[in-house]
Amino acid sequence: MKLVILDGYTSNPGDLTWDRFQKFGELSVYDRTPPDQVVERAKEAEIVLTNKTVLDQEIISSLLSLQYIGVLATGYNVVDMECARKKNITVTNVPNYAKRSGAQSVIALLLELTNRVGQHSHAVFNNKWCQSKDFCFWDFPLIELDGKTFGIVGYGGIGKAVAEIAIAFGMNVLVSTRTVPEVVPKNTVFCDLDTLFQNSDVISLHCPLTPKTEGLINRERLAQMKTTSYIINVSRGLLIDETALATALNNGDIAGAALDVLAKEPPDLNCPLLKAKNCFITPHIAWATLDSRRRLLDIAASNIEAFLNNQKQNVIE
């Protein structure tokens, strides 16, 4: 059995180990694989693991030994699923490995929007406190979260974890999701998207990228939001029309945005959000704590083990 990991660096830049994967057969690990080298590197592999390296129809059709694709992530839009199904290739992903880390990042972004910890610390180290006439100062309005409304679009693992923390802060939660649970948590109301966008002080996106959700945050949706509200996205960059969001921020139509993902990663220098007002951007790291990445590799290895034992685990149907 030959295994190839096409882009292992982000999951394991050296602080973890691939030892568990070596027991499955001959293992080749590449930090990164350019599109024009995927077929050459994986041409004899029965098992291919990818994080963001695209496996499209042409590539999958060229890999004649391929039996299994393991996505080292939750989202699997990098794989042509129709082609994989036609060729009876098993595809797995790793759901919920970053549930707590993702929720933690959402709250970190929220607190940066409301408390501006980083910006105030930067001001202190630029001697602004030393020069202050008073015992304290603040450069931005400081926002208390208690009593505010937190809107969550999508109620999977991360969405639920974010809701729990928001409630602990004393916030009320609105949720828009396809499936409403039988037991509704306290201080949580399930509603349609229009109600959520019109009434939320903070909106956080936790839905998958599909043809229906691409561009979900557009000019019309942004116009529904309060001028004092914030939007947070640690899900997928293409959920947001970046030009529309930049325009809304620059015009003061909403109060701010905090994003861990963009439509193109790494972004181009002319990405409109890089110069937008009141916009915080982190480099797609909500998933990347050591604990989260260790869990990712453990589950990915367990998925392969199940496949080799003719069992289904995290198989994308």
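The points below describe two sheets, the helices packed on them, and the cysteines of this predicted model.

1. The smaller strand numbers belong to an open sheet with parallel pairing, and its 5 strands are ordered β2-β1-β3-β4-β5. Its edges are β2 (26-29) and β5 (90-92); each has a single partner strand, so one side of each is left without a neighbour in the sheet. From one strand to the next, the twist averages 15 degrees.

2. Within this sheet, β1 (residues 2-5) and β3 (residues 47-50) run parallel and are joined by 3 bridges. Ile-5 has Leu-49 of β3 as its bridge partner. Helix α11 (residues 290-308) packs on the sheet, where it touches β1, β3, β4 (68-71) and β5. The direction of α11 makes about 160 degrees with that of β4.

3. A second open sheet has 7 strands, again with parallel pairing, in the order β8-β7-β6-β9-β10-β11-β12. Here β8 (188-190) and β12 stand at the edges with a single partner strand each, so one side of each is left without a neighbour in the sheet. With direction ignored, neighbouring strands of this sheet are turned by 15 degrees against each other on average.

4. Strand β9 (residues 202-205) is worth following residue by residue. Val-202 and Ser-204 point one way from β9, while Ile-203 and Leu-205 point the other way. Which of these four are buried? All are buried, on both sides of the strand.

5. The two partners of β9 can be taken in turn. Strand β6 (residues 149-153) runs parallel to β9 and is joined to it by 4 bridges, with Phe-150 opposite Val-202. There are also 4 bridges between β9 and β10, which run parallel; Ser-204 has Ile-232 of β10 as its bridge partner. The chain passes from β9 through α9 to β10 in a right-handed β-α-β crossover.

6. Further along the sheet, β10 and β11 run parallel and are joined by 4 bridges. Asn-233 is paired there with Leu-259 in β11, its bridge partner.

7. Two helices lie across this sheet. Helix α5 (residues 99-115) lies across β6, β9, β10, β11 and β12, and runs at about 150 degrees to β10. Helix α7 (residues 157-168) lies across β6, β7 (172-176) and β8, at about 175 degrees to β6.

8. Helix α10 (residues 242-250) has Glu-242, Ala-244, Leu-245, Ala-246, Ala-248 and Leu-249 buried. What covers these buried residues? The cover includes α9 (219-224), β10 (230-233), β11 (256-259) and β12 (279-281).

9. Both ends of α10 have a local feature to note. Asp-241 caps the N-terminal end, with a side-chain oxygen 3.2 Å from the backbone nitrogen of Thr-243. Just after the helix, Gly-252 takes a positive phi of about 75 degrees.

10. How many disulfides does the structure hold? The structure holds 0 disulfides. For Cys-191, the closest cysteine sulfur is that of Cys-207, at 14 Å, which is too far for a bond. The pairing is mutual, since the sulfur closest to that of Cys-207 is in Cys-191. Cys-191 counts as buried because its relative accessibility is 19%, against a cut-off of under 20%. Cys-207 counts as buried at 8% relative accessibility.

Terms used: Residues are numbered from 1 along each chain as its sequence is written. This is a predicted model: local features need pLDDT of at least 70, side-chain atom pairs count only at pLDDT 80 or more; totals for chains, interfaces and linings use all residues. Side-chain values use heavy atoms; hydrogens and water are left out. Two strands pair if DSSP finds at least two bridges between them. Axes are lines fitted to C-alpha atoms, for helices over the stretch in contact, and angles run from 0 to 180 degrees between N-to-C directions. Contact means heavy atoms within 4.5 Å. Buried means under 20% relative accessible area, exposed over 50%, partly exposed in between (1.4 Å probe, protein chains only). A polar contact is a pair of N or O atoms within 3.5 Å; within protein, one must be able to donate a hydrogen and the other to accept it, and residues adjacent in sequence count only if both atoms are side-chain atoms. A crossover is right-handed if, with the strands pointing away from the viewer, the path from the first strand over the helix to the second runs clockwise. A disulfide is a pair of cysteine sulfur atoms within 2.5 Å.
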